[in-house]
Amino acid sequence: MSAQASQFDPAAAPRALRPMREDDLELVHAIEIRAYEFPWTPGIFRDCLRADYPAWVLTENERIVGYFLMSLAAGEAHVLNVCVAPEAHGHGFGRKLLRALLHVARGRGAERVFLEVRPSNPGAIALYHSEGFNEIGRRPRYYPARGGREDALVMAIELLPSE
């Protein structure tokens with residue numbers, strides 16, 4: 001486990017959200033490979049940054065504990081990745097990241113947000129439902145999985161204009 005992971009303190013402060021930078025990619029990728037059996041490569045993250053996709057990190061005492069990336073086009077946002085370091089689960093960081101993502105999407109003119117999620121990830125599904133996402137479809141064999149492929153649930157939320 002990295003020094004960053006072993007020093008996580010859920011009671012620590014301050015927490016901050018900021019845009020992801022290219023020099024964050026080593027730490028972001030380290031979280032990605034701890035969190036997912038089939039992680040993104042560093043090149044995928046780099047390509048997203050170079051394409052100017054909104055990408056943000058959540059820090060705790062200046063240590064990255066989570067991140068999100070999305071694409072935006074034609075009034076729609078697509079969640080590409082939302083991840084919290086496994087050692088930081090259970091402290092509301094996923095909800096904080098999702099709410100920040102929705103805020104950024106709304107600020108950039110998105111009227112709806114789409115995402116895919118593994119049916120085998122009930123915690124993420126519950127979070128998305130609790131924040132107003134609804135299941136709108138299924139993509140067969142979308143994700144790599146042990147012994148084959150796993151479907152994806154497609155979820156969406158309509159963003160109401162800010163008051």
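In strand β7, the bridge partner of V113 is I157. This pair is a good way into the fold, which comes from a predicted model. V113 sits in β5, which covers residues 112-117. Six bridges join β5 to β7, and the two strands run antiparallel.

**The sheet**

β5 and β7 belong to an open sheet of seven strands. Read across the sheet, the order is β1-β2-β3-β4-β5-β7-β6. The pairing is mixed. Two strands form the edges: β1 (15-19) and β6 (134-145). Each of these edge strands pairs on one side only. From one strand to the next, the twist averages 25°. What happens to side chains along a strand? In a regular strand they alternate between the two faces of the sheet.

Three antiparallel pairings can be set side by side. Each row gives one bridge as an example.

| Strand pair | Bridges | Example of bridge partners |
|---|---|---|
| β3 and β4 | eight | S71 and H78 |
| β5 and β7 | six | V113 and I157 |
| β6 and β7 | eight | R139 and A152 |

β3 spans residues 63-73, and β4 spans residues 76-84. β7 spans residues 148-158. The pairing of β6 with β7 offers another example: R149 in β7 is the bridge partner of P144. How many residues lie between β6 and β7 in their hairpin? There are two. G147 is in the turn, and its phi is positive, at about 75°.

**Helices across the sheet**

Helix α3 covers residues 42-50. It lies across β2 (55-60), β3 and β4. Its direction makes an angle of about 55° with β3. Helix α4 also lies across strands of the sheet: β1, β2, β3, β4, β5 and β7. α4 runs at about 30° to β3.

**An aromatic link**

The structure holds four aromatic pairs. One of them is formed by F45 and Y67. A pair of aromatic rings is described by the distance of the centres and the angle of the planes. For F45 and Y67, the centres are 5.7 Å apart and the planes are at 80°. The pair is edge-to-face. F45 lies in helix α3 and Y67 in strand β3, so the pair ties together parts that are 22 residues apart in sequence.

**Helix against helix**

Two packed helices are described by the angle between their axes and the distance between the axes. Take α2 and α3 to begin with. Helix α2 covers residues 25-35. It packs against α3 at an angle of about 130°, with the axes 10 Å apart. That angle makes α2 oblique to α3. The crossing is right-handed. Which residues of α2 and α3 meet? From α2 come L25, V28, H29 and E32. From α3 come P42, F45, R46 and L49. By class, this contact has five nonpolar, one polar and two charged residues. F45 thus appears twice in this account: in the contact with α2, and in the aromatic pair with Y67.

Now take α4 and α5. Helix α4 spans residues 93-107, and helix α5 spans residues 122-130. Their axes come within 11 Å and cross at roughly 45°. That makes α4 oblique to α5. The crossing of α4 and α5 is right-handed. G94, R95 and L98 of α4 meet L127, Y128 and S130 of α5. The residues of this contact divide into three nonpolar, two polar and one charged.

Notes:
Residues are numbered from 1 along each chain as its sequence is written. This is a predicted model: local features need pLDDT of at least 70, side-chain atom pairs count only at pLDDT 80 or more; totals for chains, interfaces and linings use all residues. Side-chain values use heavy atoms; hydrogens and water are left out. Axes are lines fitted to C-alpha atoms, for helices over the stretch in contact, and angles run from 0 to 180 degrees between N-to-C directions. Helices (H or I, at least four residues) and strands (E, at least two) are DSSP runs, numbered from the N terminus. Angles under 35 degrees count as roughly parallel, over 145 as roughly antiparallel, 65 to 115 as roughly perpendicular and the rest as oblique. A crossing is left-handed if the near helix is turned anticlockwise from the far one by less than a right angle, and right-handed if clockwise. Contact means heavy atoms within 4.5 Å. Ala, Val, Leu, Ile, Met, Phe, Trp, Tyr, Cys and Pro count as nonpolar, Asp, Glu, Lys and Arg as charged, and the others, Gly among them, as polar. Two strands pair if DSSP finds at least two bridges between them. Rings of Phe, Tyr and Trp (its six-membered ring) pair if their centres lie within 6.5 Å; planes under 30 degrees apart count as stacked, over 60 as edge-to-face and the rest as tilted.
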